[in-house]
Amino acid sequence: MLRAGFDSLLTLVIFLVFTGFAVAALVFAAMAREDAYRAAEKQTKKFWLIILGINLALNLLLPMLFLQIAGLIAAIVFMVDVRPALAQVSGGGGGRRGGGSSSDGPYGPYNGGR
């Protein structure tokens with residue numbers, strides 16, 4: 001009895017983690033500009049949206065571990081290879097957008113009225 005409860009809990013956790021990762025990869029793929037994919041010499045935005053969209057649909061409609069692992073691999077490839085390349089060509093290499101310092105305002109550095 002306890003074993004069945006643990007197995008179903010583990011299956012739920014795997015499903016939630018894989019699906020959450022698929023959603024995150026799809027959102028990042030959708031947010032990037034089309035020309036950034038070409039500049040980074042990666043597959044097109046449409047290609048990645050289709051692959052990651054199919055991954056998410058399969059996770060939601062057919063939660064079979066083999067399909068989830070195959071989709072996870074596609075999402076991992078996007079997140080560790082494509083996404084950093086897109087950020088590099090888009091000028092978003094750091095954690096902050098625009099690359100300014102923490103004291104920068106919307107129109108340049110804030111110097112405290114000096």
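1. Helices here are DSSP runs of H or I with at least four residues, numbered from the N terminus. By that reading, Q88 has its place in helix α4. The model under discussion is a predicted one. Q88 is exposed, because its relative accessible area is 65% and the cut-off for exposure is over 50%. Its C-alpha lies 8.1 Å from that of A40, although 48 residues separate Q88 and A40 in sequence.

2. As to overall architecture, the protein comprises four helices and two strands. Taken from the N terminus, the order of the elements is α-α-α-α-β-β. Of its 114 residues, 21% count as buried. The protein exposes about 8,000 Å², and carbon and sulfur atoms supply 68% of that area. Among the contacts with a separation of 6 or more, 64% are made by residues 24 or more positions apart.

3. Helix α3 covers residues 45-61, which amounts to 17 residues. From first C-alpha to last it reaches 24 Å, close to the 24 Å expected at 1.5 Å a residue. The buried residues of this helix are K45, W48, L52, N55, L56 and N59. Viewed down the axis of α3, these buried residues fall within an arc of 105°, and they therefore line one face of the helix. K46 and L61, on the other side of α3, are exposed.

4. Two of the buried positions in α3 merit separate comment. N55 lies in this helix and counts as buried because its relative accessibility is 6%. Setting aside neighbours within four places in sequence, N55 is in contact with A22, G71, L72 and A75. With residues up to four places away in sequence again not counted, L52 touches A25, L26, A29, A74, A75 and F78. A75 is thus a contact of N55 and also of L52.

5. The largest nonpolar core has 14 residues, of which A25, Y37, W48, L52, F78, V82 and L86 touch the most other members. The elements that contribute two or more residues to this core are α1 (2-31), α2 (34-39), α3 and α4. Helix α4 gives the most, with six residues.

6. On the aromatic residues, the structure holds two aromatic pairs. In one of them, the rings of F47 and W48 have centres 5.4 Å apart and planes at 85°, so the pair is edge-to-face. The angle decides this assignment because planes over 60 degrees apart count as edge-to-face. Ring pairs link F47, W48 and F78 into a cluster. Within that cluster, W48 counts as buried because its relative accessibility is 8%, whereas F47 at 33% counts as partly exposed. W48 and F78 also appear among the core residues that touch the most other members.

7. Helix α4 spans residues 65-90 and includes A85. At 14% relative accessibility, A85 counts as buried, the cut-off being under 20%. Apart from residues up to four places away in sequence, A85 touches A40 and K42. Between A85 and E41 the C-alpha distance is 8.6 Å, with 44 residues separating them in sequence.

8. E41 deserves inspection of its backbone geometry. This residue lies in the loop between α2 and α3. Its phi is near 55°, a positive value in a residue other than glycine. E41 counts as exposed, because its relative accessibility is 70%.

9. Q68 also has its place in helix α4. Despite its polar side-chain name, no special category is needed for the accessibility call: Q68 is buried, with a relative accessible area of 4%. Not counting residues up to four places away in sequence, Q68 touches I14, F15, F18, N59 and P63. One of these, N59, is itself among the buried residues of α3. Q88, in the same helix α4, is by contrast exposed, at 65%.

How values were computed: Residues numbered from 1 in each chain as written. Predicted model: local features only at pLDDT ≥ 70, side-chain atom pairs only at ≥ 80, totals over all residues. Heavy atoms only, no water. Expected span 1.5 Å × (residues − 1). Buried < 20%, exposed > 50% of the residue type's maximum accessible area, 1.4 Å probe, protein only. Arc of directions from axis to C-beta. Contact = heavy atoms within 4.5 Å. Core = buried A, V, L, I, M, F, W, Y, C linked by side-chain atoms within 4.5 Å. Areas by Shrake-Rupley, 256 points an atom, 1.4 Å probe, with all protein chains shown as cover. Phe/Tyr/Trp six-rings, centres within 6.5 Å; stacked < 30°, edge-to-face > 60°.
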